Amino acid sequence: MSYELDPLPYEYDALEPQLSEQVLTWHHDTHQQGYVNGWNDAEAKLEENRDSNDFSSSAGAIRDVTHNSSGHLLHDLFWQCMSPEGGDEPTGDLGDRIEEDFGSYDAWRGEFEAAAGDASGWALLVYDSFSNQLRNVVVDNHDEGAFWGAHPVLSLDVWEHSYYHDYGPARGDFVDAFFEVVDWEEPSQRYAQATELFE
């Protein structure tokens, strides 16, 4: 699969004077295109590695997928969250939910602005499906390990606190041991749930 950069949902000068035509042109056509290219290059590297059974560069390619896919997807959302007719407060169900979860629109906005002021990447309003509520989040560098929309199936904690006491710095030995005790019942159920929702 090859990823492509969609056109902006409006003309490059449509958000002036708030966002200039030049900024949108650079931001979309060069900056975001770089994420699309990086994502495609990383996916190609992973496919090449699978075909050759040489995984020496796969860890870096996986990181590149995470970084570039997040950059691309968040930019697509960014463009969709603006329009020449924008500027109003949220209404309807979303407006009601912001009032419910944050207390008021002003409280939400104050918190969101605080997030935006502190972030080194993105401030986002998200629906947290774990707690079933809206939440403001700070995402640094637009990824920090997140692959947006992903639903974990299997988890292995490889932070040093997970294995140093037993294995010292020999992380590979710890990973081998994990596969000797892994239980696939829960991962299988999670996979079934994900495919039922998205396929």
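**An exposed turn residue, a long helix and a pocket between domains**

N53 sits out in the open: with a relative accessible area of 59%, this residue passes the 50% mark and therefore counts as exposed. The residue belongs to the loop between α1 and α2. Its backbone is a bit unusual too, as N53 has a positive phi of about 60° without being a glycine. Like everything else described here, this comes from a predicted model.

Helix α1 itself covers residues 21–52. Its 32 residues, at 1.5 Å each, should span 46 Å, and the end C-alpha atoms turn out to be 45 Å apart, so the two figures agree. There is still a bend of about 30° in α1, located at Q33. Plenty of this helix is tucked away: buried residues include L24, H28, Q32, Y35, V36 and W39. In the segment before α1 comes P17, and the peptide bond leading to P17 from E16 is cis, with omega near 5°.

Then there is the largest pocket, which holds about 970 Å³ of space. Domain 1 (21–81) and domain 2 (92–198) both contribute to its lining, so the pocket lies between them. In total 30 residues line the pocket, with F78, C81, M82, W108 and F112 nearest its centre. At least two lining residues come from each of α2 (58–80), α3 (92–102), α4 (105–118) and β1 (121–128), and α4 gives the most, at six. As for chemistry, the lining of this pocket is made up of 20 nonpolar residues, five polar ones and five charged ones.

Terms used: Residues are numbered from 1 along each chain as its sequence is written. This is a predicted model: local features need pLDDT of at least 70, side-chain atom pairs count only at pLDDT 80 or more; totals for chains, interfaces and linings use all residues. Side-chain values use heavy atoms; hydrogens and water are left out. On a 1 Å grid over the protein atoms alone, a cavity is a set of points where a 1.4 Å probe fits but cannot get out, and a pocket is an open set with protein on both sides within 12 Å along at least five of seven lines; lining residues have an atom within 4 Å of a point. Grid points are joined across faces, edges and corners, and a volume is the space filled by probe spheres set on the points. Helices (H or I, at least four residues) and strands (E, at least two) are DSSP runs, numbered from the N terminus. Ala, Val, Leu, Ile, Met, Phe, Trp, Tyr, Cys and Pro count as nonpolar, Asp, Glu, Lys and Arg as charged, and the others, Gly among them, as polar. Domain bounds come from an automatic or database domain assignment. The expected span of a helix is 1.5 Å times one less than its number of residues. The bend at a residue is the angle between axes fitted to the seven residues ending there and the seven starting there. Buried means under 20% relative accessible area, exposed over 50%, partly exposed in between (1.4 Å probe, protein chains only).
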